[in-house]
Amino acid sequence: MTLPQFDLHRPDSVEEARELLARYGEDASVVCGGTELLLLLKLGFAAFGHLVDIKRIAPLGGIRAENGSLVIGSTVTHREIERSPLVLERLPALAAMERQVANVRVRSVGTLGGNLCFSDPHSDPATFLLALDAEVEYDAARVPLARFLVGPYETALEHGQLLGAVHVPIPPDGTRIAHRKLAFHERPAATVACVVRVADGVVRHASIAVGSVGARPVRAADAEQELIGTPPGDRGALAAAAALAAEASQPVEDANGSVFYKAHLVRVLVERCLDEAFAAPS
């Protein structure tokens, strides 16, 4: 497979990138790591005469702590996140999740912003960040990730808009986070992220996100509510929450399995993920 011909543009500013995208219209696409877009071009599933490489735009990079959140630039690679001293100190579960993304070659060039903008339903970062109530920033506005991920390979971004950063809230003390997945050939077939907080012997907060089984990652609100007020070792509550999460995930049949099989995977992974979260040190 060979890449089709295209013109590569390397702007140094957001303004220059927007001007290029406006000039070439639908014949232009943003590229950064290119791990997914270039594969589509090779396979003939997409065609662009112009690619606008945004790696050189300094304001779109970097990781910093700000107002109780980690702010991760859209051009930051998965490898940078997993090795960042700031991430390892403030949110080590994020680094641990990133360490499981694909392989080191992909993580070294693939970016968090590109992963979210591509909106592949089989995404570890999207599911994990959804559980943490992350927001994305573009055009000076911040939008919850749940609203940004519209559907498979579709986001709220319009042509010419650039994702600036991802804002990941740093959970309060006592929060426990777990992330589990089942993957075939490095591609997730089911992904679960759980965030819980226990106080006075009962669950005070719970968030459960499920991805890689349906059209897009989702939060399992009924499953979360099922856990509130229950002791962390309540097997009945955990089983009920897992069943509700499987229902919320809306699995679709594909090469990874049937709807029934995927729903079963979600139930198992949610129970194991919750067990891991409740057993983790606070």
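In this predicted model, a side-chain oxygen of Ser-123 comes to within 3.2 Å of the backbone nitrogen of Ala-126 at the start of helix α8. That helix covers residues 124–131, and eight of its eight residues are buried, so the rest of the structure largely encloses α8. Ala-126 also appears in the lining of the largest cavity, among the residues closest to its centre. A second buried element is strand β5, residues 69–73, which pairs with β4 and with β10.

**Helix α8**

- The buried residues of α8 are Asp-124, Pro-125, Ala-126, Thr-127, Phe-128, Leu-129, Leu-130 and Ala-131.
- After α8 comes Asp-133, which has a positive phi, near 60°.

**The cavity**

- Rolling a probe the size of a water molecule over the atoms shows where empty space is left.
- Over the whole structure, a search finds one cavity of 30 Å³ or more.
- The largest cavity holds about 40 Å³ of space.
- It is lined by 13 residues, and those closest to its centre are Ser-119, Asp-120, Ala-126, Leu-149 and Pro-217.
- Helix α7 (112–118) and strand β8 (149–151) each contribute at least two residues to this lining.
- Sorted by class, the lining of the largest cavity consists of seven nonpolar, four polar and two charged residues.

**Burial of strand β5**

- Five of the five residues of β5 are buried, and the strand is mostly covered.
- In a regular strand the side chains alternate between the two faces of the sheet.
- In β5, one side carries Ser-69, Val-71 and Gly-73, while the other carries Leu-70 and Ile-72.
- These residues are all buried, and both faces of β5 are therefore covered, as buried here means under 20% relative accessible area.

**Partners of strand β5**

- Strand β4 (residues 63–66) runs antiparallel to β5, and the two pair over four bridges.
- Within this pairing, Glu-66 stands opposite Ser-69 of β5.
- A hairpin is formed by β4 and β5, with two residues between the strands.
- One residue in the turn, Asn-67, has a positive phi of about 50°.
- Strand β10 (residues 165–169) is also antiparallel to β5, and they pair over five bridges.
- Ile-72 of β5 has Val-166 in β10 as its bridge partner.
- Ile-72 is thus one of the buried residues of β5 and a point of pairing with β10.

Terms used
Residues are numbered from 1 along each chain as its sequence is written. This is a predicted model: local features need pLDDT of at least 70, side-chain atom pairs count only at pLDDT 80 or more; totals for chains, interfaces and linings use all residues. Side-chain values use heavy atoms; hydrogens and water are left out. Buried means under 20% relative accessible area, exposed over 50%, partly exposed in between (1.4 Å probe, protein chains only). A polar contact is a pair of N or O atoms within 3.5 Å; within protein, one must be able to donate a hydrogen and the other to accept it, and residues adjacent in sequence count only if both atoms are side-chain atoms. On a 1 Å grid over the protein atoms alone, a cavity is a set of points where a 1.4 Å probe fits but cannot get out, and a pocket is an open set with protein on both sides within 12 Å along at least five of seven lines; lining residues have an atom within 4 Å of a point. Grid points are joined across faces, edges and corners, and a volume is the space filled by probe spheres set on the points. Ala, Val, Leu, Ile, Met, Phe, Trp, Tyr, Cys and Pro count as nonpolar, Asp, Glu, Lys and Arg as charged, and the others, Gly among them, as polar. Two strands pair if DSSP finds at least two bridges between them.
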